[in-house]
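Reader: I'm in my first year and I'd like a close look at just one part of this protein. Could you pick out a helix and walk me through it, along with whatever it packs against?

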Amino acid sequence: MKKKDLAQSEIIRPEYIPCILQKLSDEEKEKDGWEQRLLTTLSNSQYTAKVVLPRLSEVFSRHDYPPLTLPVATATSALSALDRQILEVYLEQKSDPLVGTIEPSMYLGRFDWDTTRRPTDVQPYVKEIITNMIGVHAE
C-alpha cells in the first residue's frame, strides 16, 4: 500500500465517523424525537471536537502536511458555539413545562406563605417536579 493510500484509509476508518453520519432508515429517524436528535447532535459535536479533529491533525502532521493548528482551533471554536446553542435550546424546551407546573401546583395544593406550621412532608407535585428534573438531567 502506498503512503498516500494508507493516510486516506486511516482518516476514513469507522471510528472517525460520528454516528449521526451513518445511514439510518426512515423508521429509525421517525422513532427518535427532537430531544434525541438534539442530544445525538450534541454528542457528535463533542466527539468531533475531542476525538476526530485531534486525530485528523495528528495524521496530517505524521505524513508531513502543514500543521492544522488554525483550522482545528476554528472548527473547535465553532463546535463549542454549536454545543452552547444546542444545550440552550434543549434546556429551554425541557424546562418550560417544568416551570409552568410549579406555580399552579403550589396554589392547587393550598400553599400558604403565612403558615407557622413546620413542614413534615412535601406535596406530590414537588416529588413529580424533582423526578422530571432528574429525567432531564439523565438524558
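Author: Let's go with helix H4, and begin at its bend: there is a kink of about 30 degrees at serine 95, shortly before proline 97. Keep in mind that what you're looking at is a predicted model.

First, the setting. The protein has five helices and zero strands, so the pattern along the sequence reads α-α-α-α-α. Of its 139 residues, 19% count as buried. Take the contacts between residues at least 6 apart in sequence: 73% of them join residues at least 24 apart.

Now, how far does H4 reach? It runs over residues 69-108, which is 40 residues, and at 1.5 Å a residue that should span 58 Å. The C-alpha atoms at its two ends are 58 Å apart, so the expected span and the model agree.

Next, look at which parts of H4 are tucked away. The buried residues are Val72, Leu79, Asp83, Ile86, Tyr90, Lys94, Leu98, Ser105 and Met106. And what covers them? Helix H3 (34-62) and helix H5 (124-138) are included in that cover.

Take H5 as a partner. The axes of H4 and H5 come within 10 Å and cross at roughly 175 degrees. An angle over 145 degrees counts as roughly antiparallel, and therefore that is what we call H4 and H5. Where they meet, H4 brings Tyr90, Leu91, Lys94, Leu98, Thr101, Ile102, Ser105 and Met106, while H5 brings Tyr125, Ile129, Asn132, Met133 and Val136.

Two residues from the H4 side deserve a closer look. Leucine 98 sits in H4 and, at 13% relative accessibility, counts as buried, because the cut-off for buried is under 20%. Leaving aside neighbours within four places in sequence, leucine 98 is in contact with Ile129, Asn132, Met133 and Val136. Pick out isoleucine 129: it is 31 residues away from leucine 98 along the chain, yet their C-alpha atoms are separated by 6.5 Å.

The other one is lysine 94, also placed in helix H4. Its relative accessible area is 18%, so lysine 94 is buried too. With neighbours within four places in sequence left out, lysine 94 is in contact with Trp34, Glu35, Val136 and Glu139.

What about H3, the other helix named in the cover? H3 has 29 residues and should span 42 Å at 1.5 Å a residue; its end C-alpha atoms are 40 Å apart, which agrees. There's a bend here as well, of about 40 degrees, at threonine 48. Thr48 is one of the buried residues of H3, along with Leu39, Leu42, Asn44, Ser45, Ala49, Val52, Leu53 and Val59. After H3 comes aspartate 64, which has a positive phi, near 60 degrees.

Finally, how far can you trust the picture? The average pLDDT of the protein is 76, and 74% of the residues score at least 70. Among the elements, H3 has the highest mean pLDDT, at 90, and helix H1 (residues 3-11) the lowest, at 45. Over residues 1-18 the pLDDT is below 50, and this stretch has 24 contacts in the model beyond near neighbours in sequence. Where pLDDT is low, the predicted coordinates shouldn't be read in detail.

Notes
Residues are numbered from 1 along each chain as its sequence is written. This is a predicted model: local features need pLDDT of at least 70, side-chain atom pairs count only at pLDDT 80 or more; totals for chains, interfaces and linings use all residues. Side-chain values use heavy atoms; hydrogens and water are left out. Helices (H or I, at least four residues) and strands (E, at least two) are DSSP runs, numbered from the N terminus. The expected span of a helix is 1.5 Å times one less than its number of residues. The bend at a residue is the angle between axes fitted to the seven residues ending there and the seven starting there. Buried means under 20% relative accessible area, exposed over 50%, partly exposed in between (1.4 Å probe, protein chains only). Contact means heavy atoms within 4.5 Å. pLDDT is the predictor's confidence in each residue, from 0 to 100. Axes are lines fitted to C-alpha atoms, for helices over the stretch in contact, and angles run from 0 to 180 degrees between N-to-C directions. Angles under 35 degrees count as roughly parallel, over 145 as roughly antiparallel, 65 to 115 as roughly perpendicular and the rest as oblique.
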